[in-house]
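Q: Please take a close look at one part of this model, the aromatic side chains. Then work outward from there, and show the reasoning behind each call.

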Amino acid sequence: LEDQYSPSRWSRRLDRDIIIDAHLAVTAAGTERARASAQTLLHVPYGTGDGEKLDIYFPTNPSETFPVLVYIHGGYWQCLSKDDSGFAAPPLVSQGVAVVAVGYDIAPKGHMDAMVRQVRRSLVFLVQQYPRIRGIYLCGHSAGAHLAAMVLSTDWTEFQVVPDIKGAVLVSGVYDLEPILHTYVNDALNMSREVAQRNSPMRHVTPAVPAACEVLVAVAQHDSPEFRRQSQEYSEALRAAGWSVSLLDLAGVDHFDIIEKLSEDSYVLTQVARRPVPR
């Protein structure tokens, strides 16, 4: 399991000792470019916690209303931040889509229940603050795909707001946290079995409501067999519950460049993310 849940061991491009630093460099540089070129509102608080802030990249030519892509970063719930998460904005803002990078309190400060709640609350904040939003599209990578999937299982009655989530792109995610309990990943998270079960999207797939959002589960050719199994099984569970879901197995990419390429216009996931734009 240690091996299966160590994505850096499975890349064919770079040595495992340097791939994570390379990934950080790519996303940081891409975010810097995005901030230089787009109209932004940075470090917007959506709650009172230190990590409860988001960055908004506005569309170049916003129409009266506009769709928003909410990006939830990975990092195994214990590294990365919204400050490295704007790299996907340029191809989207140029087409009229706002991009929001969500921050949350990572471990060891944050615990799993709190992270899930923070991401849910960030959407409630967006809906309340920006009435011009026309549809929310979620995009999460790795741990961020897990958090986005937990958003899909939210009972919104306690929030008294129901975000209009029209689509979700879940990239190289973990949807059952139980195997994580037996690996180094849990050293910082310190999850009990109950916490892992309560926060496993696989265990909380709700029946699809009419006009439920479309879900794309994407996985990399060079993700580990466990990551690939989790993507397969979660997409099957959604389909069995009546969701509109596609599984996209992307050739020639690993756990890291599968998401880095979102900064490229021609990349298949960028094209998917631009679908909300009226042609």
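A: Tyr-76, Trp-77 and Tyr-184 make up one aromatic cluster. The model is predicted, so local features are described only where pLDDT is at least 70. Two members of the cluster can be checked for burial. The cut-off is under 20% relative accessible area. Trp-77 has a relative accessibility of 0%, so Trp-77 counts as buried. Tyr-76 is buried too, because its relative accessible area is 11%.

How many aromatic pairs does the model hold? The count comes to seven. One of them joins Tyr-71 and Phe-87, with ring centres 5.6 Å apart. Their planes meet at 80°, so this pair is edge-to-face. Tyr-71 sits in strand β3, residues 66–72. Phe-87 sits in the loop between β3 and α2 (89–93). The pair therefore ties together parts that are 16 residues apart in sequence. Both partners are covered. Tyr-71 has 3% relative accessibility, so Tyr-71 counts as buried. Phe-87 is buried as well, with a relative accessible area of 4%. Back in the cluster, the rings of Tyr-76 and Trp-77 have centres 5.7 Å apart. Their planes are at 20°, so that pair is stacked.

Next, the cysteines. How many disulfides are there? The count is zero. The test asks for two cysteine sulfur atoms within 2.5 Å. Cys-79 fails because the closest cysteine sulfur, in Cys-139, is 17 Å away, too far for a bond. Cys-213 is in no disulfide either, and its nearest cysteine sulfur, again that of Cys-139, is 13 Å away. Is Cys-79 buried or partly exposed? Cys-79 has 37% relative accessibility, so Cys-79 counts as partly exposed. Cys-213 has 5%, so Cys-213 counts as buried.

Now the annotated region. The UniProt record, an unreviewed entry, carries the annotation "domain: BD-FAE-like" over residues 54–154. Over that stretch the chain is 33% helix and 26% strand. The end C-alpha atoms of the stretch are 20 Å apart.

Helix α3 covers residues 112–129. Does its span agree with or depart from the expected one? At 1.5 Å a residue, its 18 residues should span 26 Å, and its end C-alpha atoms are 26 Å apart, so the two agree. The buried residues of α3 include Val-119, Arg-120 and Leu-123. Phe-125, an aromatic residue, is also among the buried residues of α3.

Those α3 residues lead to helix α4, residues 143–152, where Val-151 lies. Val-151 touches Val-119, Arg-120 and Leu-123, among others. Further contacts of Val-151 include Leu-138, Trp-156 and Ile-165. Leu-138 is 13 residues from Val-151 along the chain, and their C-alpha atoms are separated by 8.9 Å. Val-151 counts as buried because its relative accessibility is 2%. Helix α4 is mostly covered, with ten of its ten residues buried. Among these buried residues are His-146, Met-150 and Leu-152.

Met-150 links α4 to another site. Ser-200 touches Met-150, as well as Tyr-175, Asp-176, Leu-177 and Glu-178. Where is Ser-200? Ser-200 lies in the loop between α6 (193–198) and β7 (214–222). A relative accessible area of 0% is why Ser-200 is called buried. A polar atom of the Ser-200 side chain lies 2.6 Å from the backbone oxygen of Ala-196.

Asp-176 completes the picture from the other side. Its place is in the loop between β6 (165–171) and α5 (186–189). Asp-176 is in contact with Ser-200, and also with Met-202, Arg-203 and Gln-230. Asp-176 and Pro-201 are 25 residues apart in sequence, yet 6.5 Å apart in space, C-alpha to C-alpha. The Asp-176 side chain reaches the backbone nitrogen of Glu-178 at 3.1 Å. Asp-176 has 18% relative accessibility, so Asp-176 counts as buried.

Terms used:
Residues numbered from 1 in each chain as written. Heavy atoms only, no water. Helix = DSSP H or I, 4+ residues; strand = E, 2+ residues; numbered from the N terminus. Buried < 20%, exposed > 50% of the residue type's maximum accessible area, 1.4 Å probe, protein only. Polar contact = N/O pair within 3.5 Å; in protein donor to acceptor, adjacent residues only side chain to side chain. Contact = heavy atoms within 4.5 Å. Phe/Tyr/Trp six-rings, centres within 6.5 Å; stacked < 30°, edge-to-face > 60°. Expected span 1.5 Å × (residues − 1). UniProt positions renumbered as here; feature names shortened; annotations may be inferred. Lists of a residue's contacts leave out its neighbours within four places in sequence.
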